Amino acid sequence: MTTMTRFRAVPIDEARAGAVLHDDVRDTAGNVLLPRSTVLDGAMLRALARRGVATLLVAADGPTLDHLAAERARVRARLAYLCRHAGDGPANGLLRLVVEQYRLAELS
Amino acid sequence: MTARDVTFVVNNLRDLPALPSVVLDLISAFGRDDVDVTTLADKISMDQGMAAKILRIANSSFYGLPAKVKTVRQAVLVLGFDTARALAVASKVIDHFGGAHQARVAEFWRHSIATAVCARSLARHAGLDHDAAFIAGLLHDIGRLVLAVGFPVEYARVLDECAADEATLGEAELRILGVDHERAGQMLAEAWKFPAVIRRAIGNHHAPAGADLADIPGVVHAANAVVQALDLDGATHAAVPPLLDAAWDSLGLTDSHLLAACRETEGQFEEACRLLMRSEDHER
């Protein structure tokens, strides 16, 4: 495993899904909200913004191919779980396809 | 559950406190074109909390207006009549039911606001009344809130069953309470004398009637599924409800429209929550 040595500070509203945390993110009380090396997704970014986190330290080199592949797999698995009761009709299939494309585009 | 129990639930719902008259007046005026700007501004101005909120919304970055809006009448003019009414109603209803600081209630309103924002987007793309869609989306699950508040012990069991994937929400509600959130919401909407199309959007949001598929109830039905698929809060046991093929086809929307609605919903969601859920009491 390679140690990340380069990082940059990114305002929370400019951070993108797929970025990798260089350091732990903590709340004002010092509690860890997300540990270092976490690959950020949209839900995490929204949650951090709600908790008042203004800036993130992320790896300057961006996510590795392994990180991106793992995140894509996580997105697909989560969507499959969310759609477990939705059925397999054409409209549900279209919804799942479009949302998957939308989410994966954040990682490209 | 016995028939007597069902009657008890229904009677309990009927005893719920009424919505403020200003909200009822504003909602009942949807679809009417004989209400002018001054009348609407006067109604909003009579309620200090509502007036403060509509001014804050009009002056927020959400609308990015070039000059500061100082009066409710200006706000109604710059936001547009229907939009001002929809936002005033939304903020008042959320305040009225309160509890936005409680995690469960906040989670409820966040889903409702997401559905409202998405319904507004889909309605705009479908050429329908997007402000009525916003209000119908906001209130579509109101039955869920009143069942949870009126019957907290029973509703905790409903949620436990759903979390264990033993039943859908509606199935668990019917088994444990004898009434589901669609029916409960429809009863409230009838008691509050909402316009018929909003009543139907609340009462049939999981299965709109054929004649409603291309109208606001069909939009709310689709929006409810879209926002669950977007997973905006990452709720562990969230589930996308079935999106009826007939509903989607009737709206005449393309996959490009759907993609645009996803972007618009996610792009506006947090700001809409911030504007609508922040209590005036917390600002004093």
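In this predicted model, B:Arg200 counts as partly exposed, because its relative accessibility is 30%. Its partner in a salt bridge is B:Asp212, with the closest N and O atoms 2.6 Å apart. B:Arg200 belongs to helix H13 (196-203) of chain B and B:Asp212 to the loop between H13 and H14, so the pair ties together parts that are 12 residues apart in sequence. B:Asp212, at 4% relative accessibility, counts as buried.

This pair is one of 14 salt bridges over all chains. Another joins B:Lys92 to B:Asp47, where the closest N and O atoms are 2.7 Å apart. Here the two partners are 45 residues apart in sequence: B:Lys92 lies in helix H6 (residues 81-97) of chain B, and B:Asp47 in the loop between helix H3 (37-45) and helix H4 (48-58), so the salt bridge ties these parts together. Buried means under 20% relative accessible area; B:Lys92, at 18%, therefore counts as buried, and so does B:Asp47, at 14%.

A further salt bridge (3.0 Å, N to O) links the side chains of B:Arg274 and B:Glu271. These residues are separated by about one helical turn, because they stand 3 residues apart in helix H16 (residues 255-277) of chain B. B:Arg274 is partly exposed at 38% relative accessibility, whereas B:Glu271 is buried at 18%. In chain A, a network of salt bridges links A:Asp41, A:Glu71 and A:Arg74.

Turning to the nonpolar interior, the largest core has 94 residues, and B:Ile44 and B:Trp109 have the most contacts inside it. H7(B) supplies the largest share of this core, 12 residues. Beyond its neighbours within four places in sequence, B:Ile44 is in contact with several residues, including B:Leu26, B:Met50, B:Ile54, B:Val72 and B:Ala88. A second, separate core of 13 residues includes A:Ile12, A:Ala15, A:Val25 and A:Leu45.

H7(B) also appears in the largest pocket, giving the largest share of its lining, 7 residues. The volume of this pocket is about 1300 Å³. Of its 47 lining residues, those closest to the centre are B:Glu107, B:Arg144, B:Leu159, B:Leu169 and B:Gln228. Among the elements that give two or more residues to the lining are helix H9 (142-150), helix H11 (169-177) and helix H12 (181-191) of chain B. By type, the lining divides into 23 nonpolar, 13 polar and 11 charged residues.

H12(B) is largely enclosed by the rest of the structure, because 8 of its 11 residues are buried. Among these buried residues are B:His181, B:Glu182, B:Met187 and B:Leu188. After H12(B) comes B:Lys193, whose phi is positive, near 55°.

Key
Residues are numbered from 1 along each chain as its sequence is written. Chains are lettered from A and ligands numbered from 1 in the order in which they are written. This is a predicted model: local features need pLDDT of at least 70, side-chain atom pairs count only at pLDDT 80 or more; totals for chains, interfaces and linings use all residues. Side-chain values use heavy atoms; hydrogens and water are left out. On a 1 Å grid over the protein atoms alone, a cavity is a set of points where a 1.4 Å probe fits but cannot get out, and a pocket is an open set with protein on both sides within 12 Å along at least five of seven lines; lining residues have an atom within 4 Å of a point. Grid points are joined across faces, edges and corners, and a volume is the space filled by probe spheres set on the points. Helices (H or I, at least four residues) and strands (E, at least two) are DSSP runs, numbered from the N terminus. Ala, Val, Leu, Ile, Met, Phe, Trp, Tyr, Cys and Pro count as nonpolar, Asp, Glu, Lys and Arg as charged, and the others, Gly among them, as polar. A nonpolar core is a set of buried Ala, Val, Leu, Ile, Met, Phe, Trp, Tyr and Cys residues joined through side-chain atoms within 4.5 Å. Buried means under 20% relative accessible area, exposed over 50%, partly exposed in between (1.4 Å probe, protein chains only). Contact means heavy atoms within 4.5 Å. A salt bridge is a side-chain nitrogen of Lys or Arg within 4 Å of a carboxyl oxygen of Asp or Glu.
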